[in-house]
Amino acid sequence: MSAVDVALSPVQEESVRATRHIYGPLALCTNESIVIYITVAGSVIPMRVLESDSIGEVKLKLQTCKGFVVKMQKLVFGGRELARNESLVRDYGVSNGNVLHMVFKISDLLVITVRTTCGMEFEFPVDRHQDIGYLKRTILKKGKDFGEELKVQELFCNGEKLEDQKLIDDITADAVIHLVIQKFAKLRAKHAERDVELSVVAANWNEETQSQGVHEPSREFQSFSKKTPDRNLLLEPFVVDPNIELPGYIWDMINSACDGLTKGNIPIRSSEGTGGTYFMQDGSGNKYVAIFKPIDEEPLAVNNPQGLPLSTNGEGLKRGTRVGEGAFREVAAFLLDHPRTGHRTLSNCELGFSGVPPTVMVQCLHNTFHHPDGFEWSSEYTKVGSLQLFMKNEGNCEDMGPGIFPVEEVHKITVFDIRTANADRHAGNILVSREGKEGRIVLTPIDHGYCLPENFEDCTFDWLYWPQARQPYSPETIKYIKSLDAEQDIDLLKFYGLDLSVECARTLRISTMLLKKGVERGLAPFDIGNMMCRETLNKESVIEVIIRDAQDSMLPGMTEATFLETVYKLMDIKLEKLKYKSS
Ligand SMILES: Nc1ncnc2c1ncn2[C@@H]1O[C@H](COP(=O)(O)OP(=O)(O)OP(=O)(O)O)[C@@H](O)[C@H]1O
């Protein structure tokens, strides 16, 4: 028996038991059985799987053996995210002895339920990274809905008073928090994924209400402010062309985040996502104002905080993207999202048709970012990345059934994804909020670090399977789509210093062409989107076949324009066939 066998045997037994659990004893007899290693948060889990297992089944085994909820797992192998749950282990080229990396997403959101004595329930989301002081203030604010009944005074857990500075996240799951108020009320809190339950029960008590002051600057920051008198060093726009003037709404976001840093409200790293994503707070410490994503912390980049390995060839987690370009793609996504009233200009503060939050490139210096090789308060340690406006939300589309989303809200996302051939549109990347007295649902697309890839290989749209995608676009949306112009878009990006590569520009041209041609023929988002997505991992999508056929027909010396003309004609033929089939 080799040393490896010895080291693995206890875990193998465990994995084998899981295999038996799912497949019965026959699973052990097959020669497809392989051992893979899953790295997660610094430890390695050996696991026996079948090459014919789907990625979904591997995730299920991890849930069975280790308790990691399937929905919260992200697996990476060979620098690529194993994003398709229905694809097989062997489709992704995973074989015996290979190492897979798992990023475990924990939701940043906790949903707190307050129940009054008369049985009324009110739910409100709080951030697990916030502290008890924040929780109290939130309950107090919400307390208006309960009248005078809910006056927060103290919170206790396991007999211990919870200090305002304690993080909500530090409270043990399943713990019962006692909210001490003047009249009886009950509170319950659960993680948005519903895998952890936290109960909060209130009892009678009579003491003075805590003062609701603003956070004191942390000790960490006090030392920082002494060392860095230059406020601009903290956070400033990263502009390629100094002649471009940033508009007021972008400055408001930067200044607000800067104010937060100055007051010692440190950037808070999100537990979700595969890259370094930081919530920037305002001066009061009560509000997030922006999201900062440094380029050196992107997945597979040199300082990725999730422990993902470095890319071996520079390619990002999705095919046709490059490590370190995510932040630029985020900014491009905002610039391309033209408002209904006309073309995007930075001075126009209107949200775009699809609602991509305002995003700009910035540089920021702070010791809370991931600096594995040490840190000094010097400009050398400044990080460059995208800064995006924080959008208040109640969670994301993964947390709820799609049936409740208004058709127009889904359609606006489909328009953006098709235009930009977005390779990362899963339901978790669409935030959900409510607007107005009726609580109209609004969807906000985020996380556009994988839009405009060089090819269409990894295009996936979760909304394809939502009923709204089968409905035709409204006349207003069709009008918007007709106004799109890929050449103008390319020029616009260039103007703002984002010069697309020939391949990415080609993607934008072809996907805009497909969207426009599709609506001309009255196709629904499903029909158009479906042409861009692979049915299975190794079967080319319709758009890929069109592009390959166009490439095959090219003679040496032919121009990009000729290539696009060929794509244009081939696309017409395919669309006519599709129209004929569906009529
Ligand atoms: N503009 C925003 N407003 C509010 N919250 C946001 C915004 N952008 C990101 N977030 C929050 O931060 C979390 C992580 O962000 P994001 O998904 O963009 O990171 P990522 O590392 O690129 O993720 P992924 O692994 O899904 O590609 C999101 O799940 C969301 O909760």
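**Entry 1: the ligand**

Which residues are closest to the ligand, and how many surround it? I looked this up first, keeping in mind that the model is predicted. I found 21 residues around the ligand, with K74, T274, K293, M391 and D447 as the closest.

Next I sorted the shell by residue type. It splits into seven nonpolar, nine polar and five charged residues. I also checked which strands take part: β16 (288–294) and β18 (383–389) each supply at least two residues of the shell.

Then I went through some polar atoms around the ligand. A polar backbone atom of L389 sits 3.0 Å from a nitrogen atom of the ligand. A polar side-chain atom of D424 is 3.3 Å from a ligand oxygen. For D447, a polar side-chain atom is 2.7 Å from an oxygen atom of the ligand. How much of the ligand does the protein bury? Taken alone, the ligand exposes 620 Å², and the protein buries 94% of that.

**Entry 2: the whole chain**

I zoomed out to get my bearings. The chain has 13 helices and 20 strands. Of its 583 residues, 53% are buried. The chain exposes about 26200 Å², and carbon and sulfur atoms supply 52% of that area.

I also wanted to know how far along the sequence the contacts reach. Counting contacts between residues at least 6 apart in sequence, 65% join residues at least 24 apart.

One helix caught my eye, so to speak: α6. 10 of its 11 residues are buried, which makes α6 mostly covered. The buried ones are G326, A327, R329, E330, V331, A332, A333, F334, L335 and L336.

**Entry 3: salt bridges**

How many salt bridges does a search of the whole structure find? The count came to 30. I picked a few to look at.

My first pick was K318 with E81. Their side chains meet in a salt bridge at 3.1 Å, N to O. The pair links distant parts of the chain, 237 residues apart: K318 is in the loop between β16 and α6 (326–336), while E81 is in strand β4 (residues 80–81). Are these two buried or exposed? Both K318 and E81 turn out to be buried.

My second pick was E86 with R84, whose side chains form a salt bridge at 3.9 Å, N to O. R84 counts as buried because its relative accessible area is 6%, under the 20% cut-off.

My third pick was R440 with E409, a salt bridge at 3.7 Å, N to O. R440 is in strand β20 (residues 440–445) and E409 in helix α7 (residues 407–420), so this pair ties together parts 31 residues apart in sequence. The two ends have their own burial labels: R440 is partly exposed at 41% relative accessibility, whereas E409 is buried at 7%.

I also noted a network here. R80, E315, R319, E457 and D458 are joined by salt bridges that share partners.

**Entry 4: E540**

Where is E540 found? I located E540 in the loop between α11 (525–532) and α12 (542–552). Why does E540 count as partly exposed? Its relative accessible area is 30%, and the partly exposed range runs between 20% and 50%.

Setting aside neighbours within four places in sequence, E540 is in contact with R534, V545 and R548. With R548 there is a polar contact between the two side chains, at 2.8 Å. I also compared positions with E457: the C-alpha atoms of E540 and E457 are 7.5 Å apart, although 83 residues separate them along the chain.

**Entry 5: two positive phi angles**

Last, I looked at two backbone angles. A421 is not a glycine, yet has a positive phi of about 50°. A421 lies in the loop between α7 and β19 (430–435), and is buried, with a relative accessible area of 0%.

L452 went on my list too. Its phi is near 50°, a positive value in a residue other than glycine. L452 is in the loop between β20 and α8 (475–482). Is L452 buried or exposed? L452 is buried, at a relative accessible area of 1%.

Notes. Residues numbered from 1 in each chain as written. Predicted model: local features only at pLDDT ≥ 70, side-chain atom pairs only at ≥ 80, totals over all residues. Heavy atoms only, no water. Helix = DSSP H or I, 4+ residues; strand = E, 2+ residues; numbered from the N terminus. Buried < 20%, exposed > 50% of the residue type's maximum accessible area, 1.4 Å probe, protein only. Contact = heavy atoms within 4.5 Å. Polar contact = N/O pair within 3.5 Å; in protein donor to acceptor, adjacent residues only side chain to side chain. Near = heavy atom within 4 Å. Areas by Shrake-Rupley, 256 points an atom, 1.4 Å probe, with all protein chains shown as cover. Nonpolar A, V, L, I, M, F, W, Y, C, P; charged D, E, K, R; others polar. Salt bridge = Lys/Arg side-chain N within 4 Å of Asp/Glu carboxyl O.
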